[in-house]
Amino acid sequence: MVRRGWALLLGALLGGCAVVGPDYRVPDRALVNAAPAQGAFLSGGAAVKAEPLPDHWWALYKDATLDRLIGEAFAANTDLRVAQANLERSLALLGERRAGREIQGGVDLETSWAQRSAEAELSHVQPPVRQIYNLGAAASYDLDLFGGLKRGIEAAGADAEAAVAARDLVRVNVAAETARAYADICNAGYQLDVLARLIAVQRRGVALTRLLVAHGRAASCELDRRQGLLEAGEARMPRLAARQRGALFRLAALTGRVPAQADASLLSCRRPLQLAQVIPVGDGAALLRRRPDIRMAERRLAAATARIGVATAALYPDIRLGASIGSTGGDGGYVLAACQSVWPWPADRLDAQP
């Protein structure tokens with residue numbers, strides 16, 4: 001058993017660092033690899049074009065107010081700040097993992113003063129004060145024979161990419177809800193204007209019908225019918241106004257304000273949002289790569305695959321080469337130097353330890 005362990009270790013040393021565990025690749029059954037996902041959308045036509053969608057998709061409307069509102073929503077959204085903090089945490093963990101592949105070292109310097117008592121020296125004269133110092137330097141390097149550190153870096157990198165996708169998912173939701181609320185305000189304003197013109201026409205129609213009924217040129221039931229249409233139109237006005245103000249309050253919440261701080265000037269919007277160009281949609285594969293939820297799930301799968309290698313590498317011994325040098329003492333002092341190599345074995349493999 002011992003010989004087999006040493007033979008395995010010697011083979012790793014002679015053959016270079018081996019990386020244990022499976023290598024991640026996109027599963028063959030993933031939809032992004034399917035042939036239908038590589039072509040254009042079946043519903044494509046003159047309304048869309050096969051070009052990649054820009055990151056700031058709301059810029060397709062070329063509306064300065066919408067751009068400003070989405071920027072304010074990004075700045076005020078707490079979920080987005082949490083996602084950004086999670087990303088920074090993942091990047092810090094990735095940096096820590098990468099630092100494990102570098103030479104580790106440290107320097108220690110300490111000094112103090114001491115004075116023995118005259119009684120301890122059996123003397124009537126007080127002994128002088130002595131300076132005592134300690135100076136040391138140490139360095140170590142992990143050979144990473146079985147790729148545990150490399151797989152750890154792969155896992156941390158995939159976690160960081162998953163955190164980027166999670167942040168992008170929050171950004172997409174915030175931008176979409178902000179654009180929807182602003183569009184509801186403008187659409188409701190447009191509908192209010194159309195309804196107001198319709199009510200004006202219906203009022204003139206009621207007045208004309210009343211005149212015809214008075215001169216016996218129309219039945220009284222016609223007046224009742226037109227009056228009912230007028231009242232139905234007037235009843236829709238408060239509902240549309242309430243819908244518009246509700247969208248305004250939603251927009252205020254998205255931008256970090258209370259309803260009392262809502263920008264009432266937005267209620268003057270009377271023109272629906274219109275795209276300044278044909279919608280760029282790309283193809284099916286680009287859509288799957290663009291969706292943050294799919295990217296996040298795929299990167300988490302990659303991280304889990306890399307952690308299999310980390311766990312497998314933990315079953316084998318780890319060799320770390322280290323050296324240290326130091327000096328300690330008083331007046332003349334003395335110097336110590338040491339060189340060491342550490343071969344820790346897993347706790348569950350103590351029976352194979354030489």
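Let's start with a salt bridge: the side chains of Asp293 and Arg291 meet, N to O, at 2.6 Å. Keep in mind that this is a predicted model. The protein has seven helices and six strands, and 19 salt bridges are counted in it. There is also one disulfide, and a buried threonine, Thr178, is worth a look too.

**The Asp293–Arg291 pair**

- Asp293 is partly exposed, with 30% of its relative area accessible.
- Its partner Arg291 is partly exposed as well, at 37%.

**Salt bridges around Arg299**

- Arg299 pairs with Glu161 through their side chains, with N and O 2.7 Å apart.
- Arg299 sits in helix H7 (residues 292–313) and Glu161 in helix H4, so this salt bridge ties together parts of the protein that are 138 residues apart in sequence.
- Glu161 has a relative accessible area of 40%, so call it partly exposed.
- Arg299 also forms a salt bridge with Glu298, and here the closest N and O atoms are 2.9 Å apart.
- Glu298 comes out at 24% relative accessibility; buried would need under 20%, so Glu298 counts as partly exposed.
- As general background, side chains of opposite charge can pair when their charged atoms come close.

**A salt-bridge network**

- Elsewhere, Asp23, Arg151 and Glu154 are linked to each other in a network of salt bridges.

**Cysteines**

- Which two cysteines form the disulfide? They are Cys186 and Cys269, with their sulfur atoms 2.1 Å apart.
- This pair links distant parts of the chain, 83 residues apart. Cys186 is in helix H4 (residues 148–214), while Cys269 is in the loop between helix H5 (220–254) and strand S4 (279–280).
- The torsion about the S-S bond of Cys186 and Cys269 is about 105 degrees, which is why the disulfide is right-handed.
- For anyone who wants the chemistry, a disulfide is a covalent bond between the sulfur atoms of two cysteines.
- Are Cys186 and Cys269 buried or exposed? Both of them are buried.
- Cys221 is another story: its relative accessibility is 53%, and the cut-off for exposed is over 50%, so Cys221 counts as exposed.

**Thr178 and its surroundings**

- Thr178 lies in helix H4, and its relative accessible area is 0%, so it is buried.
- A polar atom of the Thr178 side chain lies 2.8 Å from the backbone oxygen of Val174.
- Leaving aside residues up to four places away in sequence, what does Thr178 touch? The answer is Leu69, Ile70, Ala73, Leu251 and Leu254.

**The whole protein**

- Going along the sequence, helices and strands follow the pattern α-β-α-α-β-β-α-α-β-α-α-β-β.
- Of the 354 residues in the protein, 27% are buried.
- Take the contacts between residues at least 6 apart in sequence: 77% of them join residues at least 24 apart.
- The accessible surface adds up to about 22200 Å², and carbon and sulfur atoms account for 58% of that.

Technical notes. Residues numbered from 1 in each chain as written. Predicted model: local features only at pLDDT ≥ 70, side-chain atom pairs only at ≥ 80, totals over all residues. Heavy atoms only, no water. Disulfide = S-S within 2.5 Å. Helix = DSSP H or I, 4+ residues; strand = E, 2+ residues; numbered from the N terminus. Buried < 20%, exposed > 50% of the residue type's maximum accessible area, 1.4 Å probe, protein only. Contact = heavy atoms within 4.5 Å. Areas by Shrake-Rupley, 256 points an atom, 1.4 Å probe, with all protein chains shown as cover. Salt bridge = Lys/Arg side-chain N within 4 Å of Asp/Glu carboxyl O. Polar contact = N/O pair within 3.5 Å; in protein donor to acceptor, adjacent residues only side chain to side chain.
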